[in-house]
Amino acid sequence: MALLTEAEAKALLQKVLSYSKADACEVNVVGGERGNIRYARNEVSTSGTMITQTIQVQSSFGKKNGVAAIDEFDDASLEKVVRRAEELAQLAPENPEYMGVLEPQQYLKSTGYFESTAKVTPAIRAEAVAKSLQESGQQKLAAAGFLEDFRGYSAMMNSKGLFAYYPSTNVNFSLTVRTDDGTGSGYVTRGYSDFSKLDTVSATKIAVQKCLGSVGARALEPGKYTVILEPTAAAVLLENIFFNMDARSADEGRSFLSKPGGKTKLGEKIVDERVTIYSDPTNPELPASPWSGDGRAQEKVNWIEKGVVKNIAYSRFWAQKKGVKAVPSPTNVIMAGGTASLEDMIKSTQRGILVTKLWYIRSVDPQTLLLTGLTRDGTFYIENGKIKHPVKNFRFNESPIIMLNNLEALGKPERVVSTESNSNYLIPPMKIREFTFSSLSDAV
């Protein structure tokens with residue numbers, strides 16, 4: 001599929017808007033091509049490509065809104081979708097929180113589109129997977145994995161003249177390797193915007209090492225332990241902070257950022273002073289859209305700076321209600337790190353547990369961000385600065401806020417893919433004291 005260039009997207013959106021008879025109109029177009037290859041038991045099971053391209057129109061008469069979408073781009077279909085949105089708007093009740101369409105914005109320059117990814121073919125995917133299978137096959141292990149690449153764009157325009165366009169690419173690779181008897185398991189995941197950075201061989205070697213090292217796991221008593229979280233494990237906990245930096249839920253008492261009396265923790269220190277969490281769409285390791293879904297410009301924003309809550313996301317309606325600046329939710333999230341390597345953290349640990357993956361994360365208490373879940377695919381006991389033996393998996397009960405108050409060391413941030421949301425982040429490995437494991441789990 002030929003993606004629409006910026007000029008082509010602009011011309012298309014202008015044509016759609018020309019059909020509008022509403023007081024205000026906003027048009028979004030998104031298009032992309034996803035290619036994938038899946039394998040299990042050392043054999044490719046599926047391979048495919050999915051192409052999508054959709055136009056969505058929001059028409060407004062006063063505070064009455066209607067939305068319609070279509071995936072046909074001929075003139076008759078374009079006019080049809082505009083008329084449909086207008087019909088729905090006339091039938092709709094007024095939305096008291098509707099803020100109207102935005103004036104034109106100034107956007108940062110973000111480079112998230114790479115030809116190396118855009119030009120990936122089924123043959124290139126197959127070659128990458130074949131190299132992975134060769135590596136696991138040499139150890140007589142069972143491998144199951146998934147490789148997916150994406151190239152696409154999003155664009156929007158409204159009746160006040162706002163126009164935004166952003167092309168992007170991405171590739172995610174995940175792999176689980178197991179022993180034939182199912183007693184050992186290792187996992188690895190990698191995500192990049194630039195396909196040329198993906199090395200399936202080195203990634204597979206990590207999964208193989210964890211798999212072989214996890215054979216013969218011994219049971220440890222549940223309790224509070226010093227843990228070293230690899231970035232993949234840390235990400236699924238931390239993203240529960242990222243997803244909940246919302247002002248309205250905090251103001252209404254539904255958030256970990258809430259305080260009694262309708263107040264929030266904005267401006268307060270809530271975690272260790274070494275913790276800084278920010279967003280920056282121009283970050284070269286994690287480029288992201290310079291505009292949010294409603295067209296607001298993204299900026300570099302410190303959400304938590306040296307442990308202090310510096311910003312909370314405000315919708316335009318809630319910002320107006322509170323008389324503050326409207327801050328959009330971020331399009332990427334980065335946690336600043338330190339200088340310690342994973343090896344340094346292990347060497348400095350007298351007694352602890354290395355956690356390489358967490359999964360099946362569920363909320364226990366939204367107001368404290370208390371979470372539960374399980375370790376998986378390689379959990380190891382550390383004694384006197386060395387990995388001594390693998391341990392059976394645990395269920396944990398822990399809050400990432402409490403966790404970040406028990407921080408002992410941070411490593412260099414790495415781009416990781418969340419095993420829960422499939423989102424990409426830059427997250428450092430971290431050493432945490434008094435992490436709570438509540439029970440054992442027999443799963444490998």
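Q: Ala, Val, Leu, Ile, Met, Phe, Trp, Tyr, Cys and Pro count as nonpolar. So how do the residues lining the largest cavity divide into nonpolar, polar and charged?

A: This is a predicted model, to begin with. The lining of the largest cavity has 8 nonpolar residues, with no polar and no charged ones.

Q: Which residues line the largest cavity?

A: They are Ile 241, Phe 242, Met 245, Ile 277, Trp 303, Ile 304, Pro 330 and Val 333. Helix α6 (231-242) and strand β11 (301-305) are the elements that give two or more residues to this lining.

Q: What volume does the largest cavity have? And how many cavities of 30 Å³ or more does a search find?

A: The volume is about 70 Å³. Searching the whole structure turns up 1 cavity of 30 Å³ or more.

Q: Pockets next. How much space lies in the largest pocket?

A: About 910 Å³. There are 39 residues lining the largest pocket, and the closest to its centre are Phe 150, Ser 168, Asn 170, Ser 289 and Thr 331.

Q: Which elements give two or more residues to the lining of that pocket?

A: Those are β1 (24-40), β2 (43-61), β4 (142-158), β5 (163-178) and β22 (424-427).

Q: And by class, what does the lining of the largest pocket have?

A: It has 15 nonpolar, 19 polar and 5 charged residues.

Q: New topic: helices. Where do α4 and α5 cross, and at what angle?

A: α4 covers residues 122-138 and α5 covers residues 200-213; their axes come within 9 Å and cross at roughly 35°. The crossing of α4 past α5 is right-handed.

Q: Which residues make the contact?

A: α4 brings Ala 128, Lys 131, Ser 132, Glu 135 and Ser 136, while α5 brings Thr 200, Val 201, Thr 204, Lys 205 and Val 208. The residues of this contact divide into 3 nonpolar, 4 polar and 3 charged.

Q: Last thing, how many aromatic pairs does the structure hold?

A: There are 9 aromatic pairs. One of them is Tyr 225 with Phe 394, a tilted pair at 6.1 Å centre to centre with 40° between the planes.

Q: What does the pair of Tyr 225 and Phe 394 tie together?

A: Tyr 225 is in strand β7 (residues 223-229) and Phe 394 is in strand β19 (residues 393-398), so the pair ties together parts that are 169 residues apart in sequence.

Technical notes:
Residues numbered from 1 in each chain as written. Predicted model: local features only at pLDDT ≥ 70, side-chain atom pairs only at ≥ 80, totals over all residues. Heavy atoms only, no water. Axes fitted to C-alpha atoms, helices over the stretch in contact; angles between N-to-C directions. Helix = DSSP H or I, 4+ residues; strand = E, 2+ residues; numbered from the N terminus. Left-handed = near helix turned anticlockwise from the far one by under 90°. Contact = heavy atoms within 4.5 Å. 1 Å grid on protein atoms, 1.4 Å probe; cavity = no way out; pocket = protein on both sides within 12 Å on 5 of 7 lines; lining within 4 Å. Points joined across faces, edges and corners; volume = space filled by probe spheres on them. Phe/Tyr/Trp six-rings, centres within 6.5 Å; stacked < 30°, edge-to-face > 60°.
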